[in-house]
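Reader: I have this protein open on my screen and would love a close look at one part of it, the packing of its interior. Could you walk me through that, and then through whatever sits around it?

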Amino acid sequence: MVSATAVTGTALGAVVLSLLAAPAPAQAVAPAGAPQPPGAARVASAAAAPDDAGLRAILRTARSQGAPGAMARIDDNGTVHRLVEGVDDRATGRTISTNDRFRVGSVTKTFSTVVLLQLVDEGRLKLDKSVDTYLPGLLPDDRITVRHILSHRSGLYDYTNDMFARSVSGFEAVRNKVYTYRDLVRLSLAKPRTNAPGAAYSYSNTNFVVAGMLIEKLTGHKVATEYQQRIFTPLNLTGTFYVHPDTAIPGRYAKGYLTSDTAGGAPVDSTRQTVSWAQSAGAIISTPHDLDVFFSALLRGKLMSAAQLTQMTKWTRVNSTTSYGLGLRRRDLSCGISVYGHTGTVQGYYTYAFTTKDGKRSLTALANTSNNTTVLNTMYRALEPAFCGTSAARAATRALSPGAAPREESEDIAPSVGRD
């Protein structure tokens, strides 16, 4: 029998150094750094205490909607809240744990961006140089810059639109396959581009495949080495790995379950896979603790110069509540604050990892399912009780009630779901 668990305690020790449809409609954007719409400037950090009861209600709802398990970990300036619902393994019934490792999907994009911005700090890369300066002949348009790649404004078609048009059969076709970066870029270039370079935001995994190529070309090392030496080791992220093309998750982990393409069909255990279709766009494995530490360190300025963090947070408006910088999302919440991080979708896992502007409160929330838009929309609402407190939690819970109009959240990979 599985029961909900909530644990709140004081963290011991200090934080180190302190995831397919047709492409989403292209969205016109202001130039990087241009003034944002009213409400874009938000206060730095949350005022209200996290609402564990409201967050637990959201996790329970996600479970009732088809997620085998759901969990959340909040680090509130050293006070840690841990909440879990359901199981990490449907076969054994083992309760999901905030110590579990899992595939973080597109949260990987932030790690890749950090490496590249460190290379900018080292004078080895310029954001406004053409990608073809560093990777000659790779792309068909030398107007596509590194900045365009990292902000999803390159216009490069997302090859996963076709790869996962049918989620389960598409996944099974690539589960054990190993691609080169150039294989994936060729799949993208076989299709027309979505917009001219810099003209519009259009989410594409292709961009961060190119980011991985840049990392390996400029450093002479595999991305795994650069992640380890520049981020994992300095921040003591002992539960974080990049194992591509291996398929196993080290240690204790939550199994991931891909919702069947057939109504009523059994979920597919999608845990073991190469994630070679994503690589530097989505193949990192981590834990709630490590993601909380990572995003807190990032926003506190511990991973790059202040100048590069400023570049990372030059926003392109995506919709009324979301903006995108360089490998980083900003979400504007109902209580008037903004939080910073990334979402992740990979087969079997939905991840939300966000922190406040001062890095003092961080949330990682996970449901071990995917291709389930209802759960995705529900998990999005975890941000409100985590960062805005009780009143926001009540509003988020009301939004889950029968008959309430859902907020259409979007995935990195899923059929018939537009991307934000």
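**A look inside the core**

Author: Let's start with one residue and work outwards. Beyond its neighbours within four places in sequence, Val210 is in contact with Val131, Leu135, Leu138, Leu139, Ile149, Leu156 and Val185. Please keep in mind that this is a predicted model.

Val210 belongs to the largest nonpolar core, which has 81 residues. Along with Phe111 and Leu298, Val210 is among the residues with the most contacts inside that core. Helix α8, covering residues 205-219, gives the most to this core, with eight residues. There is also a second, separate core of 27 residues, and Leu55, Ala365, Ala367 and Ala382 are included in it.

From here, a helix pair is a good next stop. Two packed helices are described by the angle between their axes and the distance between the axes. Helix α1 (residues 52-64) packs with helix α12 (residues 373-380) at an angle of about 175°, and their axes are 9 Å apart. An angle over 145 degrees counts as roughly antiparallel, so that is how α1 and α12 are described relative to each other. On the α1 side, the contact is made by Ile58, Leu59, Thr61 and Ala62. On the α12 side, Val375, Thr378 and Met379 take part. Sorted by type, the residues of this contact are five nonpolar, two polar and no charged.

Just ahead of α12 there are two asparagines to look at. Asn372 is placed in the loop between β16 (369-370) and α12. A polar atom of the Asn372 side chain lies 3.0 Å from the backbone nitrogen of Val375, and Val375 is one of the α12 residues in the contact with α1. Asn372 can also be related to α1 through Ala62: the two are 310 residues apart in sequence, yet their C-alpha atoms are 9.9 Å apart in space. Buried means under 20% relative accessible area, so Asn372, at 11%, is buried. Asn371, in that loop between β16 and α12, is buried as well, with a relative accessible area of 17%.

Asn371 also brings us to the backbone. Most residues other than glycine have a negative phi, and most peptide bonds are trans. Phi of Asn371, however, is near 55°, a positive value. Val275 is not a glycine either, and has a positive phi of about 55°. You will find Val275 in the loop between β8 (268-269) and β9 (285-286), where it is buried, with a relative accessible area of 1%. For a cis peptide bond, look at the one from His244 to Pro245, with omega near 10°. Pro245 lies in the loop between α9 (223-232) and β7 (257-258).

Two more buried side chains round off the tour. Trp315 is found in the loop between α11 (306-312) and β10 (316-317), and at 9% relative accessibility it counts as buried. The Trp315 side chain reaches the backbone oxygen of Thr313 at 3.0 Å. Trp315 and Leu328 are 13 residues apart along the chain, with their C-alpha atoms separated by 9.0 Å. Arg329 is found in strand β12 (residues 329-332). Arg329 has a relative accessibility of 1% and so counts as buried. A polar contact of 3.0 Å joins its side chain to that of Thr343.

How values were computed: Residues are numbered from 1 along each chain as its sequence is written. This is a predicted model: local features need pLDDT of at least 70, side-chain atom pairs count only at pLDDT 80 or more; totals for chains, interfaces and linings use all residues. Side-chain values use heavy atoms; hydrogens and water are left out. A nonpolar core is a set of buried Ala, Val, Leu, Ile, Met, Phe, Trp, Tyr and Cys residues joined through side-chain atoms within 4.5 Å. Buried means under 20% relative accessible area, exposed over 50%, partly exposed in between (1.4 Å probe, protein chains only). Helices (H or I, at least four residues) and strands (E, at least two) are DSSP runs, numbered from the N terminus. Contact means heavy atoms within 4.5 Å. A polar contact is a pair of N or O atoms within 3.5 Å; within protein, one must be able to donate a hydrogen and the other to accept it, and residues adjacent in sequence count only if both atoms are side-chain atoms. Axes are lines fitted to C-alpha atoms, for helices over the stretch in contact, and angles run from 0 to 180 degrees between N-to-C directions. Angles under 35 degrees count as roughly parallel, over 145 as roughly antiparallel, 65 to 115 as roughly perpendicular and the rest as oblique. Ala, Val, Leu, Ile, Met, Phe, Trp, Tyr, Cys and Pro count as nonpolar, Asp, Glu, Lys and Arg as charged, and the others, Gly among them, as polar.
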